[in-house]
Amino acid sequence: GNGFSIVVSQRGARIFGPFEDDNSESIMWLNKAFISSSDFKQFLDENDWNIGGDRLWIAPEFPFFNKSRADFYDSYTVQESIDPGNYQMKSDADMLIKLKQDVSIKVFESDLTTKEFSVGIEVMAVKNPLRHLKDYSKYMKNVKYCGYELEVELKDLSPQKRMHLEMWSLSQINPPGTIYMPFNHEFEFVDYYDPIDDEHLKINQDYAELKITGDRRYKVGYQSAVTNGRAAYLGNMSNGKQYLFVKNYFNNPSSEYCSEPYDKPGEKGCSFYVYNDSGDIGGFAEFECSGNTISADSPKYRSIDKVVNWFFVGEEAKLKDI
């Protein structure tokens, strides 16, 4: 809509953009490897994974991504079977883009040695969520909108080897900016990595603000029981324009939500995460949510989740109203 586009790549099942036109920057963060074809070739030759954009991983982080919890940073491993994976892609006449792959992955520090599952992703454009409001024209005056939806189907292909499985959606964002997270009752979060401080986290009445800088590592997880499945990032483009990136997902406090910090086993139950990077590879942050868990003690072997990303571009005061 409004001339915006996204680019979907088969490699890594990535989504790049949105781009306001053919000459505009990506609203989501892109790796600096995109600066030149030689840089990009080097990126591929090194078999790197962090190309930017919107990606899909599978939780739990342990035991899929870490060979040793006790040596978290030095043993972190992005297995090729998850990223970039081996996705096949097709699209139909209605611009519904489909990506699918079967995965066999090593399992570290576990009674299991491998796990098998399939991942299916459908990507499609979605309508403006404000369109039925009485004040729609007021909200959208001098504001441009675009949006897309991800529908993710995760299937356990080795149910005889039971463990938790969970969709993990990560959108990489450009600093600087602010994330707004509404919450109910008393604010609770789980602190990962380097503890967050008051300079980066401000707790207000009914919502929290997170300062996104891309130059100081922190990660926080928000408990599903006190959040509502929606958060927003207010950021700035290099051309001086402001944008609002709203992430909408199904928040289900009855789900296990199995991710946890490497040094705090058992601190689970978070459906939403914010990661602010240290800046070593160019400065970015991550706007993350989890899907419903295929639980190790559940009779279900499949989950279907939707994540909807809405983007509004305009003046900051109008975006704050939205």
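User: How many aromatic pairs does the count come to in this structure?

Analyst: The model is predicted, and side-chain atom pairs enter only at pLDDT 80 or more. Rings pair if their centres lie within 6.5 Å. By this rule the count is 33 aromatic pairs.

User: Which type of aromatic pair do F72 and Y76 form?

Analyst: The two ring centres of F72 and Y76 are 5.5 Å apart, with 75° between the planes. Planes over 60 degrees apart count as edge-to-face. The pair of F72 and Y76 is therefore edge-to-face.

User: Is F72 buried or exposed, and how does Y76 count?

Analyst: Buried means under 20% relative accessible area, exposed over 50%, and partly exposed in between. F72 has a relative accessible area of 5%, so F72 is buried. Y76 has 28% relative accessibility and so counts as partly exposed.

User: Which strands hold F245 and F287, and how many residues apart are they?

Analyst: F245 and F287 form an edge-to-face pair, 5.1 Å centre to centre with 80° between the planes. F245 is buried at a relative accessible area of 0%, and F287 is buried at 0%. The pair links distant parts of the chain: F245 lies in strand β15 and F287 in strand β17, 42 residues apart.

User: Where does the charged end of K138 sit, and which residue has its face under K219?

Analyst: A charge sits over a ring if NZ of Lys is within 6 Å of the ring centre and within 35 degrees of the ring normal. The charged end of K138 is 5.5 Å from the ring centre of Y139 and sits over that ring. K219 is 5.0 Å from the ring centre it covers, and that ring belongs to Y273.

User: Which strand gives the largest share of the largest nonpolar core?

Analyst: The largest nonpolar core has 64 residues, and those touching the most other members are F64, F117, V119, I121, L210, F272 and V274. Leaving aside neighbours within four places in sequence, F117 is in contact with residues including I58, F64, I82, L154 and L165. A second, separate core has 13 residues, among them M140, L234, L244 and F312. The largest share of the 64-residue core is 5 residues, and these come from strand β7.

User: Which strands stand at the edges of the open sheet?

Analyst: The open sheet has 10 strands in the order β4-β5-β6-β7-β18-β15-β14-β9-β12-β11, with antiparallel pairing. The twist averages 15° from one strand to the next. Each edge strand has a single partner, so one side of each is left without a neighbour in the sheet; these strands are β4 and β11.

User: Which residues stand opposite Y180 in β12 and in β14?

Analyst: Strand β9 covers residues 177–182 and is joined to β12 by 6 antiparallel bridges. β9 also pairs with β14 in the antiparallel sense, over 4 bridges. Y180 stands opposite E209 in β12, and in β14 Y180 stands opposite A232.

User: Why is strand β14 largely enclosed by the rest of the structure?

Analyst: Strand β14 runs over residues 230–236. The enclosure follows because the number of its 7 residues that are buried is 5.

User: Which residue takes a positive phi in the hairpin of β14 and β15?

Analyst: β14 and β15 pair in the antiparallel sense over 7 bridges, and the bridge partner of R230 in β15 is N248. The hairpin has 5 residues between the strands. The residue with a positive phi, near 95°, is G240.

Notes: Residues numbered from 1 in each chain as written. Predicted model: local features only at pLDDT ≥ 70, side-chain atom pairs only at ≥ 80, totals over all residues. Heavy atoms only, no water. Phe/Tyr/Trp six-rings, centres within 6.5 Å; stacked < 30°, edge-to-face > 60°. Buried < 20%, exposed > 50% of the residue type's maximum accessible area, 1.4 Å probe, protein only. Helix = DSSP H or I, 4+ residues; strand = E, 2+ residues; numbered from the N terminus. Core = buried A, V, L, I, M, F, W, Y, C linked by side-chain atoms within 4.5 Å. Contact = heavy atoms within 4.5 Å. Pairing = 2+ DSSP bridges. Axes fitted to C-alpha atoms, helices over the stretch in contact; angles between N-to-C directions.
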